[in-house]
Amino acid sequence: MSSQQPESAVKLRHSGSGHRARLRERLLNGGAEALADYEVLEYLLFGAQARGDTKPLAKELIARFGSLSAVLDAEPGALKQVKGLSDAGIGALKIAALAARRMARSEVRQKPVLGSWQALLDYLAIDMAHLTVERVRVLYLDSRNRLVRDHLASEGTIDEAAIHPREVIRRALDIGASALILVHNHPSGNPEPSRADIQITQRIAEAGRHLGITVHDHLIVGHEGHVSLRSKGLI
């Protein structure tokens, strides 16, 4: 029996390896915008799929979830519904998302927050914009405006039943923070503040003023963007 592979199979394998090599060359030599979003997913899936064309799967993921960031932020259960995506492929996507979060977080932690505002916004967008539940966080800052603690205050609608102004300020005093930034997300995607968002922010700011704790801002993030209550004149 001949062990020689059919010519068509050899050509297909060589064609696939050639495509991967070309993508790698563009990635290494072309900078941040060298690859389209679906090509980024293609490349991430190479390690999970040793042979074959990952482009159709990458395009299917973009079509189903809407964007590269939405794919990376998707829950493993949702990714499992995509035909052809293995557990190894899901792992490749999730580790890329984790790496992005860790990089963004390190940028925030290494510099004064108020002096690296865009880094903070990038970190929050990566971490919260695609959450399907509302999550409230308090970023506690020291006297140099460096991040002391990133505290998950509650999950659910932001109101006094979920987050108590006195507890927020008491925690700041306990850990030696001199300022804070409130953050929460809107799963609907629209970051415009509700009346409850405004009221609880003003109550926390008022409680802080009496004890020397500054509320720098309240940021609301969603996949449509972000809103600063400070910039809207609501604090």
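Start by selecting Arg 51, which counts as exposed because its relative accessibility is 64%; exposed means over 50% relative accessible area, buried under 20%, and partly exposed in between (1.4 Å probe, protein chains only). Arg 51 sits in the loop between α2 and α3. Now add Arg 20 to your selection: the two residues are 31 apart in sequence, and their C-alpha atoms are 10.0 Å apart in space.

A word about what is on your screen: this is a predicted model, in which local features need pLDDT of at least 70 and side-chain atom pairs count only at pLDDT 80 or more, while totals for chains, interfaces and linings use all residues. Residues are numbered from 1 along each chain as its sequence is written, and side-chain values use heavy atoms, with hydrogens and water left out.

**The helices on either side of the loop**

Select α2 (residues 37-46) and α3 (residues 55-65) together. Helices (H or I, at least four residues) and strands (E, at least two) are DSSP runs, numbered from the N terminus. Two packed helices are described by the angle between their axes and the distance between the axes. Here α2 and α3 pack at about 125 degrees, with axes 8 Å apart. That angle makes α2 oblique to α3; under 35 degrees counts as roughly parallel, over 145 as roughly antiparallel, 65 to 115 as roughly perpendicular, and the rest as oblique. Axes are lines fitted to C-alpha atoms, for helices over the stretch in contact, and angles run from 0 to 180 degrees between N-to-C directions.

Which residues of α2 and α3 make the contact? Show the side chains of Asp 37, Tyr 38, Leu 41, Glu 42 and Leu 45 on α2, and of Lys 55, Leu 57, Ala 58, Lys 59, Leu 61 and Ile 62 on α3. Contact means heavy atoms within 4.5 Å.

**On to the sheet**

Next, select the five strands, which form an open, mixed sheet in the order β2-β1-β3-β4-β5. Two strands pair if DSSP finds at least two bridges between them. Look at the edges: β2 (147-155) and β5 (225-228) each have a single partner strand, so one side of each is left without a neighbour in the sheet. From one strand to the next, the twist averages 20 degrees.

Zoom in on β1 (residues 135-141), which runs antiparallel to β2 and is joined to it by seven bridges. Pick out Tyr 140, whose bridge partner in β2 is Arg 149, and then Arg 137, which stands opposite Leu 152. Follow the chain from β1 to β2 and you trace a hairpin with five residues between the strands; in the turn, Asn 145 has a positive phi of about 65 degrees.

What joins β1 to β3? Six bridges do, and these strands also run antiparallel. Leu 141 stands opposite Ala 179 in β3. Is β1 mostly covered or uncovered? Mostly covered: six of its seven residues are buried.

**Helices against the sheet**

Add α7 (residues 117-128), which lies across β1, β2, β3 (179-185), β4 (214-222) and β5, at about 45 degrees to β4. Then add α8 (residues 165-175), which packs on the sheet and touches β1, β2 and β3, its direction making about 35 degrees with that of β1.

**Zoom out**

Finally, show the whole chain, with its nine helices and five strands. Of its 235 residues, 39% count as buried.
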